[in-house]
Amino acid sequence: MELFEKLYEEHENVKVTFIGFTTEHTRYDFGIIYTNMFFGKPLVVCMQTGRSTLLDPNEIEDIEYLQNVFRIPDKQQAADLAEFFSSTLPQIPFVTQYE
């Protein structure tokens, strides 16, 4: 009996950017993975904590979402991060993946 039913296995060459920066109060180190999977949303990984999320332009503007996913205690720090992501991540069109 097979224990696992494989749903998908995709292989692709992706663009990965590693970027570190500071704001007035905080240092950040992120890996940003650009892929055709996940409706075209880039996968953003905090290299300090290992926390990750898929980000689209609407989620970038949601300060509370950024605070929650990256465990940022201060709204201003999350707003700084939102500003960084909005200038760094490309504006992506929604891509239908499932029909």
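Which residues make a nonpolar surface patch of about 380 Å²? The patch is made by Val14, Val16, Phe18 and Met47. Patch residues have over 30% relative accessible area and no salt bridge; like charges are joined within 9 Å, and nonpolar side chains (Val, Leu, Ile, Met, Phe, Trp, Tyr) within 5 Å. Accessible areas come from the Shrake-Rupley method with a 1.4 Å probe, and for residues only the protein chains shown count as cover.

This is a predicted model, in which local features need pLDDT of at least 70 and side-chain atom pairs count only at pLDDT 80 or more, while totals for chains, interfaces and linings use all residues. Residues are numbered from 1 along each chain as its sequence is written, and side-chain values use heavy atoms, with hydrogens and water left out.

**Overall build**

The protein chain has three helices and four strands. Its elements run β-β-β-β-α-α-α from the N terminus on. Helices (H or I, at least four residues) and strands (E, at least two) are DSSP runs, numbered from the N terminus.

Of the 99 residues in the protein chain, 33% are buried. Buried means under 20% relative accessible area, exposed means over 50%, and partly exposed lies in between (1.4 Å probe, protein chains only). The protein chain exposes about 7,200 Å², and carbon and sulfur atoms supply 52% of that area. Among contacts with a separation of 6 or more, 33% join residues 24 or more positions apart. A contact means heavy atoms within 4.5 Å.

**The sheet**

Four strands form an open sheet in the order 1-2-3-4, with antiparallel pairing. Strand 1 and strand 4 (52-54) stand at the edges with a single partner strand each, so one side of each has no neighbour in the sheet. From one strand to the next, the twist averages 20 degrees. Two strands pair if DSSP finds at least two bridges between them.

Strand 1 and strand 2 (residues 27-34) run antiparallel and are joined by eight bridges. They form a hairpin with four residues between them. Valine 16 stands opposite isoleucine 33 in strand 2. Threonine 17 has isoleucine 32 in strand 2 as its bridge partner. In a regular strand, side chains alternate between the two faces of the sheet.

Valine 14, another patch member, is found in the segment before strand 1 (15-22). Valine 14 is partly exposed, at a relative accessible area of 36%.

**Helices on the sheet**

Helix 2 (residues 63-70) packs on the sheet and touches strand 2, strand 3 (43-46) and strand 4. The direction of helix 2 makes about 145 degrees with that of strand 4. Helix 3 (residues 75-88) also packs on the sheet, touching strand 1, strand 2 and strand 3. Its direction makes about 35 degrees with that of strand 2. Axes are lines fitted to C-alpha atoms, for helices over the stretch in contact, and angles run from 0 to 180 degrees between N-to-C directions.

**Salt bridges**

How many salt bridges are there? The count comes to five. A salt bridge is a side-chain nitrogen of Lys or Arg within 4 Å of a carboxyl oxygen of Asp or Glu. The table includes some of them.

| Acid | Base | N to O distance |
|---|---|---|
| Aspartate 56 | Lysine 41 | 3.6 Å |
| Glutamate 59 | Lysine 41 | 3.4 Å |
| Glutamate 64 | Lysine 75 | 3.6 Å |

Lys41, Asp56 and Glu59 are linked in a network of salt bridges. Lysine 41 counts as buried, at 18% relative accessibility. Aspartate 56 is buried at 16%, and glutamate 59 is buried at 19%.

Aspartate 56 sits in the loop between strand 4 and helix 1 (57-61), 15 residues from lysine 41. Glutamate 59 lies in helix 1 and lysine 41 in the loop between strand 2 and strand 3, so this pair ties together parts that are 18 residues apart in sequence.

Glutamate 64 forms a salt bridge with lysine 75. That pair links helix 2, which holds glutamate 64, to helix 3, which holds lysine 75, across 11 residues. Glutamate 64 is exposed, with a relative accessible area of 55%, and lysine 75 is partly exposed at 45%.
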